[in-house]
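Open the model in your viewer and keep the selection panel at hand. The tour goes from a sheet and its helices to aromatic rings.

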Amino acid sequence: SFLLFRHHDSRVRGFYNVCRHRGSRLCQSGAGTLPRAICCPYHGWTYDLEGRLIEAPHMEGVAGFDPADYGLKPVAAETWEAFLFVNLASDPVPLHETFAPLADRLRDWRLGELISVRQVVYDVRANWKLIFQNYNECYHCPRVHPRLNALTPFTSARNSLMSGPILGGPMMLAEGIETMSTGGRMCGPPLPGLGDADRRSVYYYSVFPTMFLSPHPDYVLVHRIERRGVSDTRVVCDFLFHPSAAEQPGFDPEPAVAFWDEVNRQDWRVCELSQQGVASRSYEPAPYSNLESMVAAFDQCYLERLATGNNRG
């Protein structure tokens, strides 16, 4: 649990939501506005929004106690475009370095301007790695996603980022299809700034280990992956549109939401079946298909993180 403060200067500061005295949670609400300080509900230790301990009742006579030694424990927090990331590593890689491969590729989508108009939450009985592997291949698409495959045939996939923490690339929309929706029609005008090629493509990027980023011609779909247990994952999906589209009379994101709800539930089903199967003592992995090169790349990234202790994850 973290405290994330955004000050008047817009800079985000992150801390563990843990009082330094007896470990009580300091804040229970999910969001809101704080005064100049946050007070522990247990014994009244009080911290300013820089994490400094500014009041500790009845601690004046405690030998060797110095409030400067008991500030909130910090956690790295940075923003990239419209997104806020927390990193628990002791020596985290700067966020701009992680997202450098996408900086030029996604500039025309103006992600920082987009707003979430719908959010859908799923609890999946499968390990997060199975969900990542499933996202990174379309070998399963003709059988599992017939409607998706009709809109973007699996043979049109082109991987442009093939190693490292960010993997993926574009798929071409079929003739006469405008976007990924129940009718194949856009829910609003194309996102401002997109060229002709991007209006005919959908991009799929997995960002190790917490995010899928899927830019469409008229919206951006984001999957946030929350690891809740060995065989439990929460997936939070946000549908991002440009404010100018959302403000139009009659705007309706439901064709996109309904389409991806169908596709997501199909994916979760096969991921849950895989979770059940890989738990069997009889399971031995078979070779990957040539259509699963991104699955192998994800495996390699995961193994590299294990080998380095994930201390800069």
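Select helix 3 (residues 128–135). Helix 3 lies across strand 8, strand 10, strand 11, strand 12 (220–229) and strand 13 (232–241), at about 25 degrees to strand 11. Angles run from 0 to 180 degrees between N-to-C directions, with axes fitted to C-alpha atoms, for helices over the stretch in contact; contact means heavy atoms within 4.5 Å. Helices (H or I, at least four residues) and strands (E, at least two) are DSSP runs, numbered from the N terminus.

Add helix 7 (residues 254–278). Helix 7 packs on the sheet, touching strand 8, strand 10, strand 12 and strand 13.

This is a predicted model: local features need pLDDT of at least 70, side-chain atom pairs pLDDT 80 or more, while totals for chains, interfaces and linings use all residues. Residues are numbered from 1 along each chain as its sequence is written, and side-chain values use heavy atoms, without hydrogens and water.

Now show the sheet. This open sheet has six strands in the order 8-13-12-11-10-9, with antiparallel pairing (strands pair if DSSP finds at least two bridges between them). Strand 8 (115–124) and strand 9 (166–172) stand at the edges, each with a single partner strand.

Back to helix 3: pick Trp128 and Phe132, four residues apart. Their ring centres are 5.6 Å apart and the planes at 90 degrees, so the pair is edge-to-face (rings of Phe, Tyr and Trp, its six-membered ring, pair with centres within 6.5 Å; planes under 30 degrees apart are stacked, over 60 edge-to-face, the rest tilted). Phe132 is buried at 0% relative accessibility (buried is under 20% relative accessible area, exposed over 50%, partly exposed in between; 1.4 Å probe, protein chains only).
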